[in-house]
Amino acid sequence: EPEVIEILKTYRSKGQEYIGGFLVKGTAGSEPPKVYGSSEPSGLRRDAGKVESVSQLEEIGTVLQVLDITPFTNSGGGQITVMPKYRVRRTGTLSQTTPHIALPVVRHKTLEPVQATGDGAETSAALAALLKKVINASSLLKEQHEQVFQHFDMNDPVKVADLAAGLSTADRGELQAVLEEQDLKAKIDKVTKLLHRDQ
């Protein structure tokens, strides 16, 4: 949405590259937004835009590094490319959205990281291979995520699992379950099922 893009551009101009990312709960606002200047749905999740209240957001989310902001040239809004850094839990609200404030500001605390197990390298390689297969089958996905892969540790099974979930077409409940999962094997099993479904 135009207001969100403008806020993120302002943050970056001031050296702020990190934002909090939280999915919208349940089905609230789940309709895909329209492409600006078109009557067709964009295919983007409703989570890519504004919310009316922080209460609409899931409690557990991710700190995201904004890698790129691409405004649409012939209409409002744009697209951002982000890289997840670590998981956080919302602990409070500093400001809600208003007609003049497009993004809420929240307090958060960092969650304990998911611990990789002894067979992490083998598991990570298998998951990364499946992820690349899904991405290579879609020219859109391939183009959108080339920049992310340049900065991403594909040997870290936890990060690969979270990245794979973010690229899947799964519903928000399944994605939130992957994000909140503390057991590495269970997390990878969930993501693998999502990727197989997307093939």
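Which residues is Leu127 in contact with, leaving aside its neighbours within four places in sequence? Hold that thought for a second, and let me say what we're looking at. This is a predicted model, so please hear everything I say today as a description of that model.

Okay, back to Leu127. Leaving aside neighbours within four places in sequence, Leu127 is in contact with Pro157, Val160, Ala161, Ile188, Val191, Thr192 and Leu195. I started there as Leu127 takes us straight into the largest nonpolar core, which has 27 residues. Leu127 is among the ones with the most contacts inside that core, along with Leu131, Met154, Val191 and Leu195. Who supplies this core? Helix 2, residues 120-136, plus helix 4, helix 5 and helix 6 each give at least two residues. The largest share, seven residues, comes from helix 4. And apart from this core there's another one, of eight residues, among them Val24, Val54, Leu57 and Val63.

Let me zoom out. The chain has 199 residues, and 36% of them count as buried. On the secondary structure side, we've got six helices and four strands. Reading along the sequence, the pattern goes α-β-β-β-β-α-α-α-α-α. One more overall number: take the contacts with a separation of 6 or more, and 65% of them are between residues 24 or more positions apart.

Now, two of those helices in a bit more detail. Two packed helices are described by the angle between their axes and the distance between the axes. For helix 4, residues 157-167, and helix 6, residues 184-198, the axes come within 9 Å and cross at roughly 35°. That crossing is left-handed. On the helix 4 side you have Pro157, Val158, Ala161, Asp162, Ala164 and Ala165, and they meet Leu184, Lys187, Ile188, Val191 and Leu195 in helix 6. What kinds of residues are in this contact? Nine nonpolar, no polar and two charged. You'll recognise some names here: Pro157, Ala161, Ile188, Val191 and Leu195 are also on the contact list of Leu127.

On to the strands. They make an open sheet of four, in the order 1-2-3-4, with antiparallel pairing. Strand 1 (18-21) and strand 4 (105-110) are the edges, each pairing on one side only. From one strand to the next, the twist averages 60°.

In the middle, strand 2, residues 60-71, and strand 3, residues 78-95, pair over eleven bridges. If you want landmarks, Gln65 has Met83 in strand 3 as its bridge partner, and Val63 has Tyr86. Val63, by the way, is one of the residues in that core of eight. The hairpin of strand 2 and strand 3 has six residues between the strands, and Gly77 there takes a positive phi near 85°.

Strand 3 then joins strand 4 through six bridges, again antiparallel. Arg90 is partnered with His108 in strand 4. Leu94, also in strand 3, touches Val105, Val106 and Arg107 if you skip neighbours within four places in sequence. Leu94 and Val106 are twelve residues apart in sequence, but C-alpha to C-alpha they're 5.2 Å apart in space.

Two helices lie across this sheet. Helix 1, residues 2-13, goes over strand 1, strand 2 and strand 3, at about 90° to strand 2. Helix 5, residues 172-180, goes over strand 2 and strand 3, at about 115° to strand 2.

Last stop: two residues in the sheet that aren't in the nonpolar class. Is Thr62, in strand 2, buried or exposed? Thr62 counts as buried because its relative accessibility is 12%, and the cut-off for buried is under 20%. Its contacts beyond four places in sequence include Ile19, Gly20 and Gly21, and also Tyr86, Arg87 and Leu179.

That brings us to Arg87, in strand 3. Arg87 has a relative accessible area of 8%, so Arg87 is buried too. Its contacts, again beyond four places, include Gly61 and Thr62, then Lys109, Thr110 and Glu112, and Leu179, Glu180 and Glu181. Arg87 and Glu112 are 25 residues apart in sequence, with their C-alpha atoms 8.0 Å apart.

That's my tour, thanks for listening!

Technical notes
Residues are numbered from 1 along each chain as its sequence is written. This is a predicted model: local features need pLDDT of at least 70, side-chain atom pairs count only at pLDDT 80 or more; totals for chains, interfaces and linings use all residues. Side-chain values use heavy atoms; hydrogens and water are left out. Axes are lines fitted to C-alpha atoms, for helices over the stretch in contact, and angles run from 0 to 180 degrees between N-to-C directions. A crossing is left-handed if the near helix is turned anticlockwise from the far one by less than a right angle, and right-handed if clockwise. Contact means heavy atoms within 4.5 Å. Ala, Val, Leu, Ile, Met, Phe, Trp, Tyr, Cys and Pro count as nonpolar, Asp, Glu, Lys and Arg as charged, and the others, Gly among them, as polar. Two strands pair if DSSP finds at least two bridges between them. A nonpolar core is a set of buried Ala, Val, Leu, Ile, Met, Phe, Trp, Tyr and Cys residues joined through side-chain atoms within 4.5 Å. Buried means under 20% relative accessible area, exposed over 50%, partly exposed in between (1.4 Å probe, protein chains only).
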